Amino acid sequence: MANIEHINVLKAPIAKVYEALTTEEGLAAVWTSELKVKPEVGFINTFSFGAETDHFEIKALVPNQRVLWYCIDSDPQWIGTSVSFDLEEKRGKTFVTLKQTDWVEVTEFYRHCNYNWAFFLYSLQCYCENGKGINYQQRY
């Protein structure tokens, strides 16, 4: 099994970062404007990227600490992976650790996703620090 792991440090309050990762407004600005999101354990979040749609069951929500999703429908390489966001506030900054775990193997798609998760964190930083993310629709 392979994992994708990234960390980014945001000059933003932890509550703002958590809100961005759990609300339609935040995730629409950061990831894709075509989505259905509800901050509720057990809810199935959907994110669309053109013809592709990803479905994640929310497994955990710990306010200002952790968000955990489990992929139930997407590209076959994503199904069965988990995506987590762990938050920690230190010295007035929020540290965001993003992981996508349980990849079956390292493939070209894995490498593409690795890059795009790093960009997701950059978009999150732009949104939380400056009020404007760089979502899929702005990039493509």
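Me: Relative accessible area, taken with a 1.4 Å probe over protein chains only, sorts residues into buried (under 20%), exposed (over 50%) and partly exposed (in between). Why does Arg91 count as exposed?

Reply: Arg91 has a relative accessibility of 71%, which clears the upper cut-off, so it is called exposed. Before we go on, this is a predicted model: local features need pLDDT of at least 70 and side-chain atom pairs count only at pLDDT 80 or more, while totals for chains, interfaces and linings use all residues. Residues are numbered from 1 along each chain as its sequence is written, and side-chain values use heavy atoms, with hydrogens and water left out.

Me: Good to know. Where is Arg91, and what is its phi?

Reply: Arg91 is in the loop between β6 and β7 (93-103). Its phi is positive, about 50°, although Arg91 is not a glycine. Asp102 is also a non-glycine with a positive phi, about 75°, and its place is in strand β7.

Me: Is Asp102 buried, exposed or partly exposed, and how do you know?

Reply: The relative accessible area of Asp102 is 37%. That value lies between the two cut-offs, so Asp102 is partly exposed.

Me: What makes Arg66 and Asp86 a salt bridge?

Reply: The rule asks for a side-chain nitrogen of Lys or Arg within 4 Å of a carboxyl oxygen of Asp or Glu. Arg66 and Asp86 have an N to O distance of 2.6 Å, so the pair qualifies. This salt bridge links distant parts of the chain, with Arg66 in strand β5 (residues 66-73) and Asp86 in strand β6 (residues 82-90), 20 residues apart. Strands here are DSSP runs of E with at least two residues, helices are runs of H or I with at least four, and both are numbered from the N terminus. Arg66, at 28%, and Asp86, at 23%, are both partly exposed.

Me: How many salt bridges does the rule give?

Reply: The count is three. Another of them joins Lys59 and Glu57, whose closest N and O atoms are 3.6 Å apart. Lys38 and Glu40 also meet in a salt bridge, at 4.0 Å from N to O. That distance stands at the limit of the rule, and the pair is counted. Lys38 and Glu40 are each partly exposed at 39%.

Me: How do you know that β4 and β5 pair?

Reply: Two strands pair if DSSP finds at least two bridges between them. Strand β4 (residues 52-62) and β5 have seven bridges, so they pair, and the sense is antiparallel. Glu57 has Tyr70 in β5 as its bridge partner. The hairpin of β4 and β5 has three residues between the strands, and there Asn64 takes a positive phi near 60°.

Me: What is the pairing of β5 and β6?

Reply: β5 and β6 are also antiparallel, over five bridges. Trp69 has Val83 in β6 as its bridge partner.

Me: What makes Lys59 lie over the face of Tyr70?

Reply: A charge counts as over a ring if NZ of Lys or CZ of Arg is within 6 Å of the ring centre and within 35 degrees of the ring normal. Lys59 is 5.7 Å from the ring centre of Tyr70, which satisfies the distance part, and the pair is listed as over the face. The charged end of Lys90 likewise sits over the ring of Phe95, 4.2 Å from its centre.

Me: How many aromatic pairs are there, and what makes Trp78 and Trp117 a stacked one?

Reply: A search of the whole structure finds 21 aromatic pairs. Rings of Phe, Tyr and Trp (its six-membered ring) pair with centres within 6.5 Å; planes under 30 degrees apart are stacked, over 60 edge-to-face, and the rest tilted. Trp78 and Trp117 have centres 5.8 Å apart and planes at 10°, so they are stacked. Trp78 is in the loop between β5 and β6 and Trp117 in helix α3 (residues 108-130), 39 residues apart. At 6% and 2%, Trp78 and Trp117 are both buried.

Me: Why is the pair of Trp103 and Phe109 tilted?

Reply: Their ring centres are 6.0 Å apart and their planes stand at 55°, between the stacked and edge-to-face ranges, so the pair is tilted. Trp103 is buried at 1%, whereas Phe109 is partly exposed at 23%.
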